[in-house]
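Here are a few exercises on charges, salt bridges and burial. Have a go at each one before you read its solution.

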Amino acid sequence: MQIIADVGGIPGKDCRGFCKYCYFRKVTGEDPLGCRSCTPGTVGCENCSTGVRETRNEFMHPFMVMGSVQNSLMMSEIRDNNLKANISGGGDVSCYPHLLELASGLNQYNLPIHLGYTSGKGFDSAKTAEELISLGVDEVTFTVFSTDQKLRDSWVKDPTKGESLNALKLFCENTEVHAASVIVPGVNDGDVLYETCSNLEDWGAKAFILMRFANFRNQGLILGNEPILKDVVPHTLVEFESLVRKINKEFNLRVTGTPLCDPENDTPFAISKEKNSEYLEILTDVQSEATVLSSNIAAPYIKKIVGMIGADELINVVPVDQDIGCLITQEDVEGVDLAELKETVIIPGRALIHDKVAQNILSKDGVDRIVARGPDKLSVDGEMSGTLSREDVLKKELIAFEDLIEAINFFGVRKK
């Protein structure tokens, strides 16, 4: 169990400047996208406006952060050896000016500390890493991009003259490091990626997350900020999955990829694999008709699972032109062919569209459709699956699909 110590922070401002490849570069507009948290009659809330843009708050005073942690501790029913504090935020936590003070405060509660996503750009001296380790940091998620300092200078805009990489090396030698790299074709893939993996392996890193660079709207750039980089074509999904699997075979690291895949846990959608088909027998029978609206990545898997449980005649799966289900917006829904839809449509739980807007769009052909939200996730991505066992993954997916079937049976048209 983790208690979040949210230090706040704004991308680009509280991280010593945007990395060249950053998802939040060139973000435009302030209009809300709409989401499940909006009130029924109003499009817009904190979650789908400032929240999705990560502009809610700058770095917070450590007193406020510690107060939030103390409240979480009082509300926690379980105090055991697995309880951990996760220092995270919208900026880069290595740039948080009170990081050592906060770590010292958490250490007084004997809480081991997970240092959330950092590029290390705030570590002007590797000595800071030594101090953090002495204060209880035993896990670090580090965005390395490359161990070639010149590449970090130009792409990560690293001002530390190599101290950030020295800090990473110290963390690898003394803590559990989950390294991460956004993979930009022709920049930090190929031989450069192999060198990075080799260094991480030699230093003692535990895991490495490969993250496909997104440059177009249907890859997730929904905030009016495409392209991030001109004339750069990201890896296709097939190319990226092949790269993840190749790196996994070559190095003694726990390698995962996002938006896919995890070669060890068979995610996403491990239950779609034939070797796991027996687990599908525990799912509730589908008794109603509905359309499942999903993403480009998830739709083929969901369709396969629907076939495996014998529900092809009741459920059809329709993809929108968006790779990530949680990033489906009004624009994506407007592109759906309404002729493909049944009278009930299930959309992803975290889709960024107001419920009423979705219903209006999907009923424009005169069919008064019921639009309902399914589970938040039907599988786990590489950032999570690397910390889970195969049994954990299967359990999460089965629970999610059971929730989906229950939603279909409740909102769908009952088949007589």
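Keep in mind throughout that this is a predicted model.

**Exercise 1. Find where K377 sits, and work out whether it is buried, partly exposed or exposed.**

Solution. Start with the place: K377 is in the loop that runs between β11 (370–373) and α12 (382–385). Next comes the accessibility, which is 34% in relative terms for K377. The partly exposed class lies between 20% and 50%, so K377 counts as partly exposed. Finally, look at the company: R350, K377, K395 and K396 form a positive surface patch.

**Exercise 2. Now do the same for E195, and find which patch holds this residue.**

Solution. First, E195 belongs to helix α7 (residues 190–203). Its relative accessible area is 46%, so E195 is partly exposed. As for the patch, E195 teams up with D148, D153 and D202 in a negative one on the surface.

**Exercise 3. Take the salt bridge between R56 and E46, and work out which parts it ties together.**

Solution. Check the distance to begin with: the closest N and O atoms of R56 and E46 are 3.8 Å apart, and the cut-off for a salt bridge is 4 Å. Then place the partners. R56 is in the loop between α1 (47–53) and α2 (62–75), while E46 is in the loop between β1 (2–6) and α1, so the bridge ties together parts 10 residues apart in sequence. R56 itself is partly exposed, at 45% relative accessible area.

**Exercise 4. Look at the salt bridge of E139 and K84: where are the partners, and are they buried or exposed?**

Solution. The closest N and O atoms of E139 and K84 are 2.8 Å apart. This pair links distant parts of the chain, with E139 in strand β4 and K84 in strand β2 (residues 84–88), 55 residues apart. Both E139 and K84 are buried.

**Exercise 5. Contrast that with E241 and R245: which element holds them?**

Solution. Helix α8 (residues 237–250) holds both E241 and R245, which are 4 residues apart, or about one turn of the helix. Their side chains meet in a salt bridge at 3.0 Å, N to O. R245 is partly exposed, with 32% relative accessibility.

**Exercise 6. Back to strand β4: what does T143 touch?**

Solution. T143 is part of strand β4 (residues 137–143). With a relative accessible area of 13%, T143 is buried. Leaving aside residues up to four places away in sequence, T143 touches Y21, Y117, T118, S119, R152 and A180.

Methods. Residues numbered from 1 in each chain as written. Predicted model: local features only at pLDDT ≥ 70, side-chain atom pairs only at ≥ 80, totals over all residues. Heavy atoms only, no water. Helix = DSSP H or I, 4+ residues; strand = E, 2+ residues; numbered from the N terminus. Buried < 20%, exposed > 50% of the residue type's maximum accessible area, 1.4 Å probe, protein only. Contact = heavy atoms within 4.5 Å. Patch = residues over 30% accessible without salt bridge, like charges linked within 9 Å, V, L, I, M, F, W, Y side chains within 5 Å. Areas by Shrake-Rupley, 256 points an atom, 1.4 Å probe, with all protein chains shown as cover. Lys, Arg positive; Asp, Glu negative; His and termini not counted. Charge placed at Lys NZ, Arg CZ, Asp CG, Glu CD.
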